[in-house]
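Work through these exercises with the sequence and the model side by side. Try each task before reading its solution.

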Amino acid sequence: MKLIALRCSSCSNALAPNDDDLVIACGNCGAAIAITDEGLQPIELRFSVSGTAASQYQPWWVFEGRVQINRREAQSGNRREEAIQFWSQPRSFFVPAWELSLQALKRDGLEMLKRQPQLQAGTRPAQVRLSPVVVSAEDARRMLEFLVLSLEAARADWLKTIDFKVEVGEPVLWALSSR
Ligand SMILES: [Zn+2]
């Protein structure tokens, strides 16, 4: 095992990522750094403007896109029209990127999917603390499909089968103040 000194490319601050960390924020300047096999790479991280001045942030992968319901069958009172109505417009998909149980990930992701908060990027705050990113963009995409499925399964009609297609662009990493 070779130990190499990891330093922030913006301010040279020493970094100490854990083994599972994919992206971390420099504790000094707040720059986001992806830890890849090729080394450290700066990555875009948008800080959302929120009402309160926060110091602790959590990372989210945010996708923009749409869902097309091809087929939806239920055991009673098919909510197909309701589903088609919900997905008739583009949606933002929020996938938690920090270490979280699957259950919590589903709960938080669904809540954001239903609430559709409008994110506004602000300036990078000083002395930022961001929970490390441990979910890759690729895994987040899979999680997104799971969230769509969960949302449909939660409609009050005993979902039996569903066939849908998700079309989303590349995700952007957002730092949202923790609640
Ligand atoms: Zn730095």
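**Exercise 1: Two positive phi values**

Gln-116 counts as exposed because it has 11 C-beta neighbours inside 10 Å. The cut-offs are these: a residue is buried with 20 or more other C-beta atoms within 10 Å of its own, exposed with 12 or fewer, and partly exposed in between, with C-beta atoms placed from the backbone. This is a predicted model, where local features need pLDDT of at least 70, side-chain atom pairs count only at pLDDT 80 or more, and totals for chains, interfaces and linings use all residues. Residues are numbered from 1 along each chain as its sequence is written.

Task: Where is Gln-116 placed, and what is its phi?

Solution. Step 1: find the loop between H2 and strand E7 (121–122); Gln-116 sits there. Helices (H or I, at least four residues) and strands (E, at least two) are DSSP runs, numbered from the N terminus. Step 2: read its backbone. Phi of Gln-116 is near 50 degrees, a positive value in a residue other than glycine.

Task: Is Trp-158 buried, partly exposed or exposed?

Solution. Step 1: locate Trp-158 in the loop between H3 and E9. Step 2: count neighbours. Trp-158 has 13 other C-beta atoms within 10 Å, so it is partly exposed. Step 3: check phi. For Trp-158 the value is near 50 degrees, positive in a non-glycine residue.

**Exercise 2: Helix H3**

Task: What span does H3 reach from its first C-alpha to its last?

Solution. Step 1: take residues 137–153, which are 17 residues. Step 2: H3 reaches 24 Å, close to the 24 Å expected at 1.5 Å a residue. The expected span is 1.5 Å times one less than the number of residues.

Task: Which residues of H3 are buried, and what covers them?

Solution. Step 1: the buried residues are Ala-140, Met-143, Leu-144, Leu-147, Val-148 and Glu-152. Step 2: their cover includes strand E5 (56–74), helix H1 (80–86), strand E6 (91–96), helix H2 (102–115) and strand E9 (159–168). Contact here requires C-beta atoms, placed from the backbone, within 7 Å.

**Exercise 3: H2 against H3**

Task: At what angle do H2 and H3 pack, and which residues make the contact?

Solution. Step 1: the angle is about 75 degrees, and the axes lie 10 Å apart. Step 2: H2 is therefore roughly perpendicular to H3. Step 3: H2 supplies Leu-105, Lys-106, Gly-109, Leu-110 and Leu-113, while H3 supplies Met-143, Leu-147, Ser-150 and Leu-151. Roughly perpendicular covers 65 to 115 degrees; under 35 is roughly parallel, over 145 roughly antiparallel, and the rest oblique. Axes are lines fitted to C-alpha atoms, for helices over the stretch in contact, and angles run from 0 to 180 degrees between N-to-C directions.

How values were computed: Two residues are in contact if their C-beta atoms, placed from the backbone, lie within 7 Å.
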